[in-house]
Amino acid sequence: MNTEIIRITNTSADEEALERAGRIIKDGGLVVFPTETVYGLGGDATISTVAQKIYAAKGRPSDNPLIVHIEHPEDAEQYAFTDERYYKLAKAFMPGPLTIIMPKKDIIPKEVTGGLDTVAVRCPSHPVASRLISHSKTAIAAPSANLSGKPSPTRASHVIDDLMGQVDMIIDGGSCEIGLESTIVKLDEGAVILLRPGAITYDALCCVCDNVKISHAVSEQLAANEQPLSPGMKYKHYAPSAPFVLLEGNKEKLLEFLLSEQKSKTCCILAYTEDIPFLMKSEYVIDIGNEQDYITQARNLFAALRKADETPAEIIYAHVPNKSGMGLALYNRMIRAAAHTIKTLI
Ligand code: TXA
Ligand code: MG
């Protein structure tokens, strides 16, 4: 397939290009577009064969459902059975990086929801995403625009590496502001369950809704035969090809360990900015931001993992992030990329 790449810098000036992209979606094609979180691989959410095309382009198992993107929060009425909690959350966080799972209406084919009776709805704040949905005159089903098993793309170059020739169009909108995927909650009877942490934090959710619970799968490994609340939880995501080990414990010991590792093998380190002067100078030391600056770390993490994967490193190291606030989102992505491998240094 011939993939057209368009670059959008100013949405009003590029309305014509977005109109064309919208037409591709309307005609059953696939368009990759930027959002405030990560790039999405979009198609018409009401057509079952489009969902199959999305799964095929990503190489994704078709039991792992897609998020349905809408232009306005109230558009959810067309696709899902909302309740008062939806509107409370929507008022506080939409448009923005929050996805809400609710019982689905028939207009959403089962192929989109991986056979489930629920649908995940998200109203992105990125102007390009919003305008694209508007022009396509439908809701857009879009998983992250990476090949299955790769980190989510936060730059158009990541998408080009993964999906060139698999989609009709790629809209290059520069780097994604947040860099980690949206927070996902499920509106269950009684509780609001946090399935995937993101920029909308647990504390922020608690300010708006009662009884918010964090699914244990956010930070723990699933038990052998456990049926996850979200199919995505059972797949090993974002994994670089070299072993990825997270380090925790005494800072001095940790830096000592990393130095000795640097001397004895080719290793890649995702390092905090302030630690870099204490490590050996190497192009395989990747700065991911200051230790306390979760926002910058979130923005850099997936690009850093892709970069690490391109090095000839035998092993990749990073610090275990703190689980508070947005740190929980970083922890959730890193612990899975590392297949829960943590080394403690005391
Ligand atoms: O920020 C984001 O959410 C990005 C951008 C493109 O919007 N999208 C994204 O989609 O991260 P994806 O497909 O990579 O991740 C969606 C996750 C999957 O783990 C899937 O299992 C879960 O949401 N999910 C979707 N629908 C669900 C449902 N009905 N019930 C439970 N989990 C669901
Ligand atoms: Mg994904």
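Helix axes are taken here as lines fitted to C-alpha atoms over the stretch in contact, with angles running from 0 to 180 degrees between N-to-C directions. In this predicted model, the axes of helix 1 (residues 15–26) and helix 4 come within 7 Å and cross at roughly 55°. Since angles under 35 degrees count as roughly parallel and 65 to 115 as roughly perpendicular, helix 1 and helix 4 are therefore oblique to each other, and their crossing is right-handed. On the side of helix 1, the contact is formed by Glu15, Leu18, Glu19, Ala21, Gly22, Ile25 and Lys26, which meet Val128, Arg131, Leu132, His135 and Ser136 in helix 4. Sorted by class, this contact of helix 1 with helix 4 comprises five nonpolar, three polar and four charged residues.

Helix 4, which spans 127–136, is preceded by a loop that connects it with strand 6 (118–122), and histidine 126 lies in this loop. With a relative accessibility of 17%, histidine 126 counts as buried, because the cut-off for that class is under 20%. A polar atom of the side chain of histidine 126 is placed 3.0 Å from the backbone nitrogen of valine 128, and Val128 is also one of the helix 4 residues that meet helix 1. When residues up to four places away in sequence are not counted, histidine 126 touches Pro34, Thr35 and Glu36.

A second helix pair is formed by helix 8 (residues 294–310) and helix 9 (residues 327–337), whose axes come within 9 Å and cross at roughly 20°. Helix 8 and helix 9 are therefore roughly parallel to each other, as the angle falls under the cut-off of 35 degrees, and helix 8 passes helix 9 in a left-handed crossing. Tyr294, Gln297, Ala298, Leu301, Phe302 and Leu305 are the residues of helix 8 that meet helix 9, where Gly327, Leu330, Arg333, Met334 and Ala337 are their counterparts. The class composition of this contact of helix 8 with helix 9 is eight nonpolar, two polar and one charged residues.

Glutamate 283 is found in the loop that runs between strand 13 (267–272) and strand 14 (285–289). At a relative accessibility of 65%, glutamate 283 counts as exposed, whereas histidine 126 counts as buried. Glutamate 283 and cysteine 268 are separated by 15 residues in sequence, and their C-alpha atoms are 8.5 Å apart in space.

Definitions and conventions. Residues are numbered from 1 along each chain as its sequence is written. Chains are lettered from A and ligands numbered from 1 in the order in which they are written. This is a predicted model: local features need pLDDT of at least 70, side-chain atom pairs count only at pLDDT 80 or more; totals for chains, interfaces and linings use all residues. Side-chain values use heavy atoms; hydrogens and water are left out. Helices (H or I, at least four residues) and strands (E, at least two) are DSSP runs, numbered from the N terminus. Angles under 35 degrees count as roughly parallel, over 145 as roughly antiparallel, 65 to 115 as roughly perpendicular and the rest as oblique. A crossing is left-handed if the near helix is turned anticlockwise from the far one by less than a right angle, and right-handed if clockwise. Contact means heavy atoms within 4.5 Å. Ala, Val, Leu, Ile, Met, Phe, Trp, Tyr, Cys and Pro count as nonpolar, Asp, Glu, Lys and Arg as charged, and the others, Gly among them, as polar. Buried means under 20% relative accessible area, exposed over 50%, partly exposed in between (1.4 Å probe, protein chains only). A polar contact is a pair of N or O atoms within 3.5 Å; within protein, one must be able to donate a hydrogen and the other to accept it, and residues adjacent in sequence count only if both atoms are side-chain atoms.
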